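Q: I have the model open and would like to learn how to read its features. Could we go through them together?

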Amino acid sequence: MKSSMFSNTKQLFRKMSVIELASRYALVKLSSFSGFVSKVRSLTNAAIANQRTSHQSAFGIFPSQSYISLMKSTIFKLYVAGERIEDCLETHDKISAFNMRMIIDHSTEEKTSSCAWEDNVKAKTKLLDRIPSLFHHRSSSSPSTGTTNGEQKESLLIPLFVPIKITSLFSPELLEILSATIIKVEEEDLPHHQSESYFKKKMTKEEKDTYEQGMMNLERVCLAAKKNGLSILLDAEQSHRQPAIDFISRILMARLCGGGGEKDETARLLSHRPPLIYNTYQMYLKGSYERLRLDIEKGKENNYPVGIKLVRGAYMVNESERALEKSCENPIMPSKQDTDEQYNKALSMILGSISENKCDVSVLIATHNRESIIKATELMKKNGLLPNDPRIHFAQVGR
């Protein structure tokens, strides 16, 4: 594809009314002003706090409920399909006309108690069990999207991915302890099948019990996804937790998707397996390219499909503040240009690996960056990859 892919606005926005386009343009334009964003953030936090405590007077003359209703009818609608899964169906019908799928996220944040983790497991598995029946029925009754094969049409419309925040199911404190240990002992030099036992030996009994509980929580969610033909997107965390998340994602992929022995190139191509788990790689972190390369190699060595969610990153302020507080090196790349170069370098490696069919690799290119999207489509063309290759996905927040 060429850069002109964005120039046909009539085609791109054919499903939107003039009022919808004008309102969205105004919101996006306002969001480019940092003062506006800061004010909205502080007002939103105050409104939510007031709503939880039922102290409307703390919010001044503007009632918090009225403010939240305003946000839901404007900014919220720009990025979120609904508060319940049933609310998402209207958006599902709109985007299905473009052969696009939804990412269904039941947002759960960081928790620190086993009871809260169990509640989140139950909520997530319930969601995973509901998606196929709800959307399969919707797809069957939706207008044709232009495909001639009904079965293909339905498979195109049903959502593919469900994100999870690992700290909603696993101890955040233990992630930090495990990450510190991994950094010290250079985990990548250990045989993969010995890695888990090696690090468990370094844990206290209480830490081992917490680790096992967390892994069981994650396995239950992953197995529910596998049963329903869905893939899990593992959200990234801050750099002092990420090594443990990378480690856990490899363990889960090897346990749930590994095995089968070596395959030649033809057999690998014919037996492509959609990854059960997509780990997130933040390209604004130093060393992310090498970490990604090693994970692709580990997947090849242990014969499991590698899922990659490629992003720039979301914790820049927190990472810089923590580095200053701890008097340690800032893990963020020196500049935006360095981040872009590492992102594009990773794109080239991933799409090259897919083209060569030497290992099972799939990628979710999660970016709003126009140049990166153009770069990815150009690399696909260069590598002989079709626009509808099932191993390559693009994702943006919006509706």
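Q: Is Lys 72 buried, partly exposed or exposed?

A: Exposure is read from relative accessible area: under 20% is buried, over 50% is exposed, and partly exposed lies in between. Keep in mind that this is a predicted model. Here Lys 72 has 33% relative accessibility, so it counts as partly exposed.

Q: Which residue does Lys 72 meet in a salt bridge?

A: To read a salt bridge, look for a side-chain nitrogen of Lys or Arg within 4 Å of a carboxyl oxygen of Asp or Glu. The partner of Lys 72 is Glu 83, at 3.0 Å from N to O. Lys 72 sits in helix α4 (residues 64-73) and Glu 83 in the loop between α5 (75-79) and α6 (89-96), so the pair ties together parts that are eleven residues apart in sequence. Glu 83 itself is exposed, at 56% relative accessibility.

Q: What about Glu 86: where is its salt bridge partner?

A: Its partner is Arg 84, and the closest N and O atoms are 3.6 Å apart. Glu 86 is partly exposed, with a relative accessible area of 31%.

Q: How far apart in helix α11 are Lys 205 and Asp 209?

A: They are four residues apart, about one turn of the helix, which spans residues 205-227. The two form a salt bridge, with 3.1 Å between the closest N and O atoms. Lys 205 is exposed at 64% relative accessibility, while Asp 209 is partly exposed at 43%.

Q: Which residues are joined into one network by salt bridges that share partners?

A: Glu 110, Lys 165, Glu 176, Glu 237 and Arg 241 are linked this way. By the same distance rule, the count for the model comes to 22 salt bridges.

Q: Now the sheet. In what order do the strands come?

A: Read a sheet by following which strand pairs with which. This one is open, with six parallel strands in the order β1-β2-β3-β4-β5-β6. At its edges, β1 (161-164) and β6 (392-395) each pair on one side only. On average, neighbouring strands are turned by 25 degrees against each other, direction ignored.

Q: How many bridges join β2 to β3?

A: Three bridges join β2 (residues 231-234) to β3 (residues 277-282). In one pairing, Leu 234 has Asn 279 of β3 as its bridge partner.

Q: Which strands does helix α14 touch?

A: Helix α14 (residues 288-302) packs on the sheet against β3, β4 (306-311) and β5 (361-366), and its direction makes about 160 degrees with that of β3. Helix α17 (residues 370-382) lies across β5 and β6, at about 165 degrees to β6.

Notes: Residues numbered from 1 in each chain as written. Predicted model: local features only at pLDDT ≥ 70, side-chain atom pairs only at ≥ 80, totals over all residues. Heavy atoms only, no water. Pairing = 2+ DSSP bridges. Helix = DSSP H or I, 4+ residues; strand = E, 2+ residues; numbered from the N terminus. Axes fitted to C-alpha atoms, helices over the stretch in contact; angles between N-to-C directions. Contact = heavy atoms within 4.5 Å. Buried < 20%, exposed > 50% of the residue type's maximum accessible area, 1.4 Å probe, protein only.
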